[in-house]
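Visitor: I should like to be guided through this model, from its overall make-up to a single residue.

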Amino acid sequence: MSTKKEQVYECQVCTNVVKVVEEGVGTLVCCDKPMELQSQK
């Protein structure tokens with residue numbers, strides 16, 4: 001999985017939100033679970 005600049009991810013456990021500022025490869029994880037990509041508005 002790769003992240004793209006400006007994508008927003010949310011943790012479904014604690015509702016923590018992360019905005020990507022630098023592209024990379026890997027999976028964003030919070031509370032031991034993968035974070036979910038939020039739909040673009």
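Guide: The following exchange moves from the protein as a whole to one loop residue. This is a predicted model, in which local features need pLDDT of at least 70 and side-chain atom pairs count only at pLDDT 80 or more, while totals for chains, interfaces and linings use all residues. Residues are numbered from 1 along each chain as its sequence is written, and side-chain values use heavy atoms, with hydrogens and water left out.

Visitor: Which pattern does the protein follow along the sequence?

Guide: Helices (H or I, at least four residues) and strands (E, at least two) are DSSP runs, numbered from the N terminus. On that basis there are 0 helices and 7 strands. Read along the sequence, the pattern is β-β-β-β-β-β-β.

Visitor: Where is Gln7 found, and is Gln7 buried or exposed?

Guide: Gln7 belongs to the loop between strand S1 (2–3) and strand S2 (8–10). Buried means under 20% relative accessible area, exposed over 50%, and partly exposed in between (1.4 Å probe, protein chains only). Because its relative accessibility is 13%, Gln7 counts as buried.

Visitor: Which side chain does a polar contact of 3.0 Å join to that of Gln7?

Guide: A polar contact is a pair of N or O atoms within 3.5 Å; within protein, one must be able to donate a hydrogen and the other to accept it, and residues adjacent in sequence count only if both atoms are side-chain atoms. A polar atom of the Gln7 side chain lies 2.8 Å from the backbone nitrogen of Lys4. The side chain joined to that of Gln7 at 3.0 Å is that of Tyr9.
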